[in-house]
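Here is a short briefing to read alongside the model. Take a look at the sequence and the fold, and then we will walk through some spots worth finding in your viewer.

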Amino acid sequence: MSGTHAHTVAFVADGKLPDLPPPPGASGAIGWIRENLFSGPLNTILTLASIAVVALALPGVLDWALFKSVWNASSLSECRSIIAESFGEGQGGACWAVIRERFDQLLYGFYPAELRWRPNVAFVLLIVAIAPILFDNVRALAVGAAAIVALKALAGAAGVVDGGVGGLFGATTVVLAAAGALAWFFGGGAHRRYWLMFSAAFPVIAYFLLWGGLGLEPVASSRFGGFLLTMIIGVTGIAASLPLGILLALGRQSKLIFIHAICVGFIEFIRGVPLITLLFVASTLLNYFMPPGTNFDLILRVLIMVTLFASAYMAEVIRGGLAALPKGQYEAADAMGLTYAQSMRLIVLPQALKISIPGIVNTFIGLFKDTTLVAVIGLLDPLGLTNPIRADSNWNGIVWELYGFIAFCFFLFCFGMSRYSMHLEGRLRAGERR
């Protein structure tokens, strides 16, 4: 009887049961595809239509861009003859030889060839300078340096790079290796403040490297061009517009009528005028307001105008973040007895900037793309350089390869900024959960 009773007693768990795995179709790649591509009838139709369009277009694009392309030629006519001999008459293919031959020009403009190590070093130092600002672990720079050095070694071994491309990698290999070693040593702990001090000093270092001085041979601004000019305008505008936009946003919210009126007037005026108009003002009219004989560098004028233009838009983005904060945050700062500067620095601005990250990065991306407008005032950015390249009789008639290469480079920069924005948002949300 007792044995029978023992077998009829209900089982009671003496510990937590392990979690069961999700259903096979609800997780992993299959789950993502079902949720994002086939979640409903309309989504399924759009997905199938997109697959059909890609399937029809992709073979032709790959044929033109890769399989039937030419990388070694001295002219467009030679490219076409190579394609005809290899694949038959009437076949089309990309002539990437123009990028290979004019890579130096697209990258540096007309910067003296014997001095191009200076922009290379300045670019590497830029990465070193912004690393502690963008990342908590500066030692990640060492990994990046090692990756670029390895890429250079692989490309050289495969014979892919030579000339301008090989020179770019070769001139920076030693500097990258040194930067990686320094990043590994100074990457954390008490040494980080020294790295931040270098970041603050970087603009002065870059100026003397690029324009000359302190024993370095001077280089006229008219020699700047290509992606070097784009990086100078884009990085300067991005770095300078954020703090200026913060000041304008705070000034617009100020209760002091004079400061409020100046900030509102500046923001509304700049936002109401196209950037191309401001660039024309910078290139032509600004000299009329300067004393006779004043030599105001054109690139410097453009940098000022681009920074002012971006700061007006940045101010409105940050003002939106300030307006999104609950009123209790301001009241809490007052209740703690904090001054205005302390409340903004410790409580209000950190939260407002976190809210504004998507808008801030969107403004940065727009500013970086707008650097191409300098071509209308005679500065030879990558788009401006396409005209002298195409004017060469050897490359007269080439279009898609130049614009495609430039568009791809801009996409890499803008996509990188977008992905970093998503990484930063995720990191800050993780901090909230902790």
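## Inside the core

Val302 is in contact with Ile233, Leu279, Ala282, Val374, Ile377 and Leu379, once its neighbours within four places in sequence are left aside. Keep in mind as you read on that this is a predicted model. Its protein chain has 19 helices and 0 strands.

**The largest nonpolar core**

- The largest nonpolar core counts 91 residues, and Val302 is one of the four that touch the most other members, along with Phe224, Leu322 and Phe405.
- Helix α14 supplies the largest share of this core, with 12 residues.

**The chain as a whole**

- Of the 434 residues in the protein chain, 36% are buried.
- Taking contacts between residues at least 6 apart in sequence, 72% join residues at least 24 apart.
- The protein chain has an accessible surface of about 24900 Å², and carbon and sulfur atoms account for 69% of that surface.

**How far to trust the coordinates**

- Averaged over the protein chain, the pLDDT is 81, and 79% of the residues reach 70 or more.
- Where is confidence lowest, and where is it highest? The low end is helix α9 (residues 163-186), with a mean of 50, while the high end is helix α12 (residues 257-271), at 93.
- Residues 158-172 have a pLDDT below 50, and this stretch has 22 contacts in the model beyond near neighbours in sequence.

**Cysteines**

- The structure holds 1 disulfide, and its partners are Cys79 and Cys95, with an S to S distance of 1.9 Å.
- The torsion about the S-S bond of Cys79 and Cys95 is about 60 degrees, so this disulfide is right-handed.
- Cys79 belongs to helix α4 (residues 76-87), whereas Cys95 lies in the loop between α4 and α5 (97-101); the two are 16 residues apart, and the pair links distant parts of the chain.
- Cys79 and Cys95 are both buried.
- Two further cysteines to look up are Cys263, buried with a relative accessible area of 9%, and Cys409, buried with a relative accessible area of 15%.

**Around Trp395**

- Trp395 sits in the loop between α18 and α19.
- Is Trp395 buried or exposed? Trp395 counts as buried because its relative accessibility is 0%, which falls under the 20% cut-off.
- Not counting residues up to four places away in sequence, Trp395 touches a list of residues that includes Ala73, Leu76, Val98, Glu101, Arg102 and Ile389.
- Cys95, one half of the disulfide, is also among the residues that Trp395 touches.
- Ala97 is another of the residues touched by Trp395; the C-alpha atoms of Trp395 and Ala97 are separated by 9.9 Å, with their positions 298 residues apart along the chain.

**A kinked helix**

- Helix α16 (residues 340-355) has a kink of about 45 degrees at Val348, shortly before the proline Pro350.
- Val348 is buried in α16, as are Ser343, Met344, Ile347, Leu349 and Ala352.
- What do the buried residues of α16 pack against? Their partners are α11 (226-252), α14 (298-324) and α15 (327-335).

**Other residues to visit**

- Thr371 has its place in the loop between α17 (357-370) and α18 (382-391), and Thr371 is buried, with a relative accessible area of 2%.
- Leaving aside neighbours within four places in sequence, Thr371 is in contact with Thr230, Ile233, Gly234, Asp381 and Phe410. Ile233 is also a contact of Val302.
- Leu428, in helix α19 (residues 400-433), is partly exposed, with a relative accessible area of 30%.
- Beyond neighbours within four places in sequence, Leu428 is in contact with Lys354 and Ile357. The C-alpha atoms of Leu428 and Lys354 are separated by 7.7 Å, although these residues are 74 apart along the chain.
- Leu214 lies in the loop between α10 (192-211) and α11, and Leu214 is exposed, with a relative accessible area of 76%.
- If you check backbone torsions, Leu214 is worth a stop: its phi is near 55 degrees, a positive value in a residue other than glycine.

Notes
Residues are numbered from 1 along each chain as its sequence is written. This is a predicted model: local features need pLDDT of at least 70, side-chain atom pairs count only at pLDDT 80 or more; totals for chains, interfaces and linings use all residues. Side-chain values use heavy atoms; hydrogens and water are left out. Helices (H or I, at least four residues) and strands (E, at least two) are DSSP runs, numbered from the N terminus. Buried means under 20% relative accessible area, exposed over 50%, partly exposed in between (1.4 Å probe, protein chains only). Contact means heavy atoms within 4.5 Å. Accessible areas come from the Shrake-Rupley method with a 1.4 Å probe; for residues, only the protein chains shown count as cover. pLDDT is the predictor's confidence in each residue, from 0 to 100. A disulfide is a pair of cysteine sulfur atoms within 2.5 Å. The bend at a residue is the angle between axes fitted to the seven residues ending there and the seven starting there. A nonpolar core is a set of buried Ala, Val, Leu, Ile, Met, Phe, Trp, Tyr and Cys residues joined through side-chain atoms within 4.5 Å.
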